[in-house]
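User: Please take a close look at a single part of this protein, and then explain how that part is set within the whole. A formal account for a reader new to the structure would be appreciated.

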Amino acid sequence: MTATKSPPTTVAEEATPEARAHGGPLVQRWASADEFARALEGWERRTRVRLAPHQLSDAVLIASGAFSPLAGFLGSDDYEAVVTEMRLASGTLWPIPVTLTVSADHEAATTRAERLLLESPEGETVGWMELHERFGFDPLKEVRHVYGTEEEKHPGVARVRSAGTVNLAGPLRILRDAVQPPYPGYLSEPLEARAEFRRRGWRTVVAFQTRNPIHRAHEYIQKCALEIVDGLFLHPLVGETRSEDVPAEVRMRCYEALLENYYPARRTLMGVYPAAMRYAGPREAVFHALARKNYGCTHFIVGRDHAGVGGYYGTYAAQDLLRGIPAADLGITPLFFDNTFWCRSCGHMASEKTCPHPAEQHVLLSGTQVRAMLTAGEELPSEFTRREIADILGRHYRSARAQA
């Protein structure tokens with residue numbers, strides 16, 4: 001099953017002299033059409049691998065440098081170390097395996113290949129990969145370590161368990177012109193963000209990861225963080241999420257309305273993070289922090305149940321994991337916030353650290369409750385979210401009901 005061992009696929013390439021990132025220089029794996037044509041010369045076996053949406057997201061993030069120091073999909077040594085120790089084989093902190101998993105039938109088709117043509121889910125060629133290794137793995141072992149459960153009700157577990165039991169590994173190159181930015185006009189690559197931070201004179205930048213529309217609790221902790229840094233980088237995840245999550249295009253309209261009316265433009269910047277959601281809870285919180293480090297951020301907000309789903313993780317499990325990681329390994333400062341809410345007695349946002357009043361005075365809704373209210377056509381309370389955001393979400397859910 002396993003071919004010769006690959007050389008490490010995590011050796012970084014210098015993109016710009018000042019672009020230090022996680023594990024060393026920022027890695028970029030973009031390629032031009034001319035480079036692609038040269039790579040095809042003498043390449044007789046052009047085995048094609050069609051990437052799933054989340055695999056294409058991973059490939060693009062490797063190419064842009066967001067997943068530095070990775071230069072490609074993980075080989076077996078790196079994979080094993082990441083799953084069991086949250087480290088690459090080199091010892092560099094890395095909490096989530098980034099792999100190209102294929103079915104047994106697909107693996108058989110690559111047996112004699114040395115390079116693979118990578119295709120989008122629609123069948124368009126987006127790049128190629130030097131195939132250094134094929135190796136089998138145990139999906140149950142992976143999900144136990146990474147997700148903390150084997151239950152297929154967990155969306156991340158379901159994805160891993162249904163994908164196959166063979167990984168293909170090696171460095172990749174992605175055709176820059178073949179992959180369009182998800183939201184033109186918004187920064188999506190690390191070097192773009194770093195350049196804009198420098199242009200604005202920001203030396204300290206706090207990032208906020210979100211896959212949900214921002215409500216008042218989010219706004220509160222963002223603005224608390226903004227009191228101690230030069231700038232806020234609002235960085236919503238716009239890749240693949242669950243079908244029940246609010247679509248990215250709707251969330252983007254919410255973010256735009258909020259930034260236009262309630263945030264200082266000179267100290268706030270929004271980009272997009274074209275990643276798929278894994279719902280891996282604590283490990284994904286570390287993953288998100290390292291990616292924002294690569295974007296040039298110095299601080300990262302971690303609130304309640306970061307990257308969680310259902311009841312699989314404790315409210316502050318992500319914070320506990322991050323607290324146990326040496327600062328030198330992490331290289332970005334996490335900012336921890338307790339559960340926040342609108343207190344009717346206080347008349348403003350508060351947390352358990354600052355509010356003395358009982359829970360019945362707190363306006364606090366879970367994502368599940370919010371979706372249920374919107375699906376039923378109910379209005380969200382103004383204490384929970386800004387009216388502009390409630391209106392955008394209400395229109396979306398009314399439209400969805402009309403089309404059902």
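Analyst: Helices and strands are here DSSP runs, of at least four residues for a helix and at least two for a strand, numbered from the N terminus. The model described is a predicted one. In these terms, Glu114 belongs to the loop that joins helix H4 (104-109) to strand E7 (115-119).

Is Glu114 buried or exposed? Its relative accessible area is 63%, and because exposed means over 50%, Glu114 counts as exposed. Apart from residues within four places in sequence, Glu114 is in contact with Met129, Glu130 and Leu131. Arg46 is 68 residues away from Glu114 along the sequence, yet their C-alpha atoms are 8.8 Å apart in space.

One of these contacts leads inward. Met129, which Glu114 touches, is one of four residues, with Phe67, Trp94 and Leu168, that touch the most other members of the largest nonpolar core, a set of 70 residues. Phe67 in turn touches Asp58, Leu61, Ile62, Trp94, Val98, Tyr273, Phe287 and Asn294, when residues up to four places away are not counted. There is also a second, separate core, made of 37 residues and including Val206, Leu232, Leu258 and Phe337. In soluble globular proteins, nonpolar side chains tend to be buried together.

The part chosen for the close look is helix H3, which runs over residues 76-85 and has Ser76, Asp78, Tyr79, Ala81, Val82 and Val83 as its buried residues. What covers these residues? Strand E9 (133-136), helix H5 (139-146), strand E10 (166-175) and helix H10 (282-294) are among the elements that do so. Beyond the helix comes Met86, whose phi is positive, near 60°.

Of the elements covering H3, H5 can be described further. The axes of H3 and H5 come within 8 Å and cross at roughly 45°. This angle makes the two helices oblique, because angles under 35 degrees would count as roughly parallel and those of 65 to 115 as roughly perpendicular. On the H3 side the contact involves Tyr79, Glu80, Val83 and Thr84, and on the H5 side Lys141, Glu142 and His145. Sorted by class, these residues are two nonpolar, two polar and three charged. Tyr79 and Val83 thus appear both among the buried residues of H3 and in its contact with H5. An α-helix has 3.6 residues a turn, so residues three or four places apart point the same way.

The chain around the covering elements also deserves attention. Tyr279 is in the loop between strand E13 (268-270) and H10. Its phi is near 60°, a positive value in a residue other than glycine, and at 2% relative accessible area Tyr279 is buried. Glu189 occupies the loop between E10 and helix H7 (190-200). Although it is charged by class, Glu189 has a relative accessible area of 11% and is therefore buried, the limit being under 20%. Its contacts beyond four places in sequence are Gln28, Trp30, Ser64, Arg176 and Tyr295. Before H3, in the loop between helix H2 (53-64) and strand E5 (72-73), lies Pro69; the peptide bond from Ser68 to Pro69 is cis, with omega near 15°.

A second helix pair gives a point of reference. Helices H13 (residues 367-375) and H14 (residues 387-403) have axes 9 Å apart and pack at about 60°, which means that H13 is oblique to H14. Arg371, Leu374 and Thr375 of H13 meet Leu393, Gly394, Tyr397 and Arg401 of H14. By class, this contact has three nonpolar, two polar and two charged residues.

Finally, the whole. The protein holds 14 helices and 18 strands, and 55% of its 404 residues count as buried. Its radius of gyration of 22 Å agrees with the value near 22 Å for a compact globule of 404 residues. The C-alpha trace spans about 70 × 45 × 40 Å along its principal axes. Among contacts with a separation of 6 or more, 73% are between residues 24 or more positions apart.

Terms used: Residues are numbered from 1 along each chain as its sequence is written. This is a predicted model: local features need pLDDT of at least 70, side-chain atom pairs count only at pLDDT 80 or more; totals for chains, interfaces and linings use all residues. Side-chain values use heavy atoms; hydrogens and water are left out. A nonpolar core is a set of buried Ala, Val, Leu, Ile, Met, Phe, Trp, Tyr and Cys residues joined through side-chain atoms within 4.5 Å. Buried means under 20% relative accessible area, exposed over 50%, partly exposed in between (1.4 Å probe, protein chains only). Contact means heavy atoms within 4.5 Å. Axes are lines fitted to C-alpha atoms, for helices over the stretch in contact, and angles run from 0 to 180 degrees between N-to-C directions. Angles under 35 degrees count as roughly parallel, over 145 as roughly antiparallel, 65 to 115 as roughly perpendicular and the rest as oblique. The radius of gyration is taken over C-alpha atoms; the globule rule is 2.2 Å times the number of residues to the power 0.38.
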